[in-house]
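Please open the model in your viewer and keep the selection tool at hand, since each stop of this tour begins with something to select. Take the stops in order.

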There are 2 protein chains.
Amino acid sequence: MNCSVAQTLEVVGEWWTMLIVRDCFLGITRFDDFQQRLGISRNILADRLDHLVERGVLVRVPYQEHPVRYDYRLTEKGRDLWLVLTALRQWGDRWEAPEGPPVIIEHKQCRHESTVVPTCSACGEHLDVGSVRALSGPGSKNRPADEILLPARGA
Amino acid sequence: MNCSVAQTLEVVGEWWTMLIVRDCFLGITRFDDFQQRLGISRNILADRLDHLVERGVLVRVPYQEHPVRYDYRLTEKGRDLWLVLTALRQWGDRWEAPEGPPVIIEHKQCRHESTVVPTCSACGEHLDVGSVRALSGPGSKNRPADEILLPARGA
């Protein structure tokens, strides 16, 4: 499917995967720690970790030999999932956390509690669903179904 | 699990769900149109749509009687998934779209091609994973596993 949302879900869309990535951002690196925190079966966890390594989101770093044991660490590609994770968290905080956010974020520089506000890379103004329109991009394969929905740039 | 990422995935984490939501943002409203675009079995699509309605992401609006037929429309809660969808798309554009982004976004106001830049709700500066820290929030149930990872605010 020629869609970057679908491609992203191919990498991180399986159940448990984004929760493993969340724990990586919290500093968890070891198989047994993921397993204990998530309460997930060892074979499913191993499968998800393998997949994340194969797709370049995590990298295995040996911390012990005989037998060899690995830390799992986020790559640059993995760390770039921060906005995905943050958007998931903020939506849950707003709509599915009646007792308030379990986790809050502090901006280290200004020392205030912070949420992400999406702004335009071109002009810096606040962006939301009503202020943008989707257009057919260079990687579009011009599926007829999308041509109707997505005008070309300049149209 | 006392985590807003996990709670969000309970609502939109099943395979296909975010692709249905994506199509809703593109203006698709009808069962047969989702089915044709996604190439998904009718019973899985019905299951996912029912779940999204139950959780308040979509609402059914009748457009025909005898037999009754429905449009599926995003609620305010559903439209608020725009940042989640946008973050998924941008990550896929960067890491999983070797031929370039299939879809680009234009900011209607400035007329430029745009990507979302995350900024701080308190001070307006650019935010990234290195500029924030996670703290235990008001909805935290103080799980011992998280206390180690997440200091309280002011700590």
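Begin by selecting Val84(A), which touches Ala87(B), Leu88(B) and Trp91(B), leaving aside residues up to four places away in sequence; two residues are in contact if their C-beta atoms, placed from the backbone, lie within 7 Å. This is a predicted model, in which local features need pLDDT of at least 70 and side-chain atom pairs count only at pLDDT 80 or more, while totals for chains, interfaces and linings use all residues. Residues are numbered from 1 along each chain as its sequence is written, and chains are lettered from A and ligands numbered from 1 in the order in which they are written.

**The core**

Now add Val84(B) to the selection, because Val84(A) and Val84(B) touch the most other members of the largest nonpolar core, which has 54 residues. A nonpolar core is a set of buried Ala, Val, Leu, Ile, Met, Phe, Trp, Tyr and Cys residues joined through C-beta atoms within 7 Å. A residue is buried if 20 or more other C-beta atoms lie within 10 Å of its own, exposed if 12 or fewer, and partly exposed in between, with C-beta atoms placed from the backbone. Among the elements that give two or more residues to this core are α4 (42-54) and α6 (82-95) of chain A, together with α4 (42-54) and α6 (82-95) of chain B; helices (H or I, at least four residues) and strands (E, at least two) are DSSP runs, numbered from the N terminus.

**The two copies**

Colour the chains separately, and consider that a rotation of 180 degrees with 0.0 Å of shift along its axis superposes chain A on chain B, with an RMSD of 0.0 Å. The two copies are therefore related as by a two-fold rotation axis, the superposition being by least squares on the C-alpha atoms of residues with pLDDT of at least 70 in both. Select Pro118(A), which of the residues of chain A comes closest to the rotation axis, at 2.4 Å for its C-alpha.

How many residues does each chain bring to the contact? Chain A gives 77 residues and chain B gives 76 residues, and on the side of chain A that touches chain B the largest share, 12 residues, comes from α6(A).

**A sheet made from both chains**

Next select β6(A), β3(B) and β4(B), three strands that form an open sheet in that order with antiparallel pairing; two strands pair if DSSP finds at least two bridges between them. β6 of chain A and β4 (113-114) of chain B stand at the edges, each with a single partner strand, so one side of each is left without a neighbour in the sheet. Five bridges join β6 (residues 132-136) of chain A to β3 (residues 103-107) of chain B, and Arg133(A) stands opposite Glu106(B) in β3(B). On the other pairing, two bridges join β3(B) to β4(B), where Ile105(B) stands opposite Ser114(B).

**An unusual turn**

Finally, select His66(A) and Pro67(A), whose joining peptide bond is cis, with omega near -10 degrees. Most residues other than glycine have a negative phi, and most peptide bonds are trans. Phi of His66(A), however, is positive, near 50 degrees, and this residue lies in the loop between β1 and β2 of chain A. Is His66(A) buried or exposed? His66(A) is exposed, with 5 other C-beta atoms within 10 Å.
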